[in-house]
Amino acid sequence: MSGELLTKMFFGGFVRLHILYHAVKEPIFGVEMMEELARHGYDVGPGTLYPILHQLEEAGYLTVHTEVVGGKQRKYYRATAEGAQALEEAKAKLRELVKEVVHDDTPTPSIRSKGRKPGREGR
């Protein structure tokens, strides 16, 4: 699987969660967030990041305010109460996913415990 396809299929959600996580902690701005994401191995440029920030804002998860810094306008994004709640819900799902996928700890009941017999799928 190519890196670009992998990013589109899986990492886009991780990036959104990462942004929301930091926006809950403190106000964030674009360049700072690109640097933070790069620190974790995500190559996210402005053409990807700013649309994500705008999507999160339109969804009601972020608010934005503008400040002048060094003579230039800078937009700061902060999580709303709805954004913080969405993050908490996502964290619960993420914990469950990590438990199963990373730690190979299959939940009970699992998809195999519903009375199916191995080798009989699709019959």
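This tour moves from the whole chain to a hairpin and then to a patch on the surface. The model is predicted.

**The whole chain**

Begin by selecting the entire protein chain and colouring it by secondary structure. Four helices and two strands should appear. Followed from the N terminus, these elements come in the order α-α-α-β-β-α. Next, display the surface. The accessible surface of the protein chain is about 8900 Å², and carbon and sulfur atoms hold 54% of that area. Of the 123 residues in the chain, 24% are buried. Among contacts with a separation of 6 or more, 41% link residues 24 or more positions apart.

**The hairpin**

Now select residues 62–69, which form strand 1, together with residues 72–79, which form strand 2. The two strands run antiparallel and are joined by eight bridges. Zoom in on Val-69, which stands opposite Lys-72 of strand 2. Two residues lie between the strands of this hairpin, and Gly-70 adopts a positive phi near 60° there. While the side chains are displayed, a general rule may be kept in mind: in a regular strand, side chains alternate between the two faces of the sheet.

**The surface patch**

Proceed to helix 4, which covers residues 81–102. Val-98 is located in this helix. Is Val-98 buried, partly exposed or exposed? Val-98 counts as partly exposed because its relative accessibility is 31%, and the partly exposed class lies between the limits of 20% and 50%. Finally, select Leu-94, Leu-97, Val-98, Val-101 and Val-102 together. These residues make a nonpolar surface patch of about 420 Å².

Terms used. Residues numbered from 1 in each chain as written. Predicted model: local features only at pLDDT ≥ 70, side-chain atom pairs only at ≥ 80, totals over all residues. Heavy atoms only, no water. Patch = residues over 30% accessible without salt bridge, like charges linked within 9 Å, V, L, I, M, F, W, Y side chains within 5 Å. Areas by Shrake-Rupley, 256 points an atom, 1.4 Å probe, with all protein chains shown as cover. Salt bridge = Lys/Arg side-chain N within 4 Å of Asp/Glu carboxyl O. Buried < 20%, exposed > 50% of the residue type's maximum accessible area, 1.4 Å probe, protein only. Pairing = 2+ DSSP bridges. Contact = heavy atoms within 4.5 Å.
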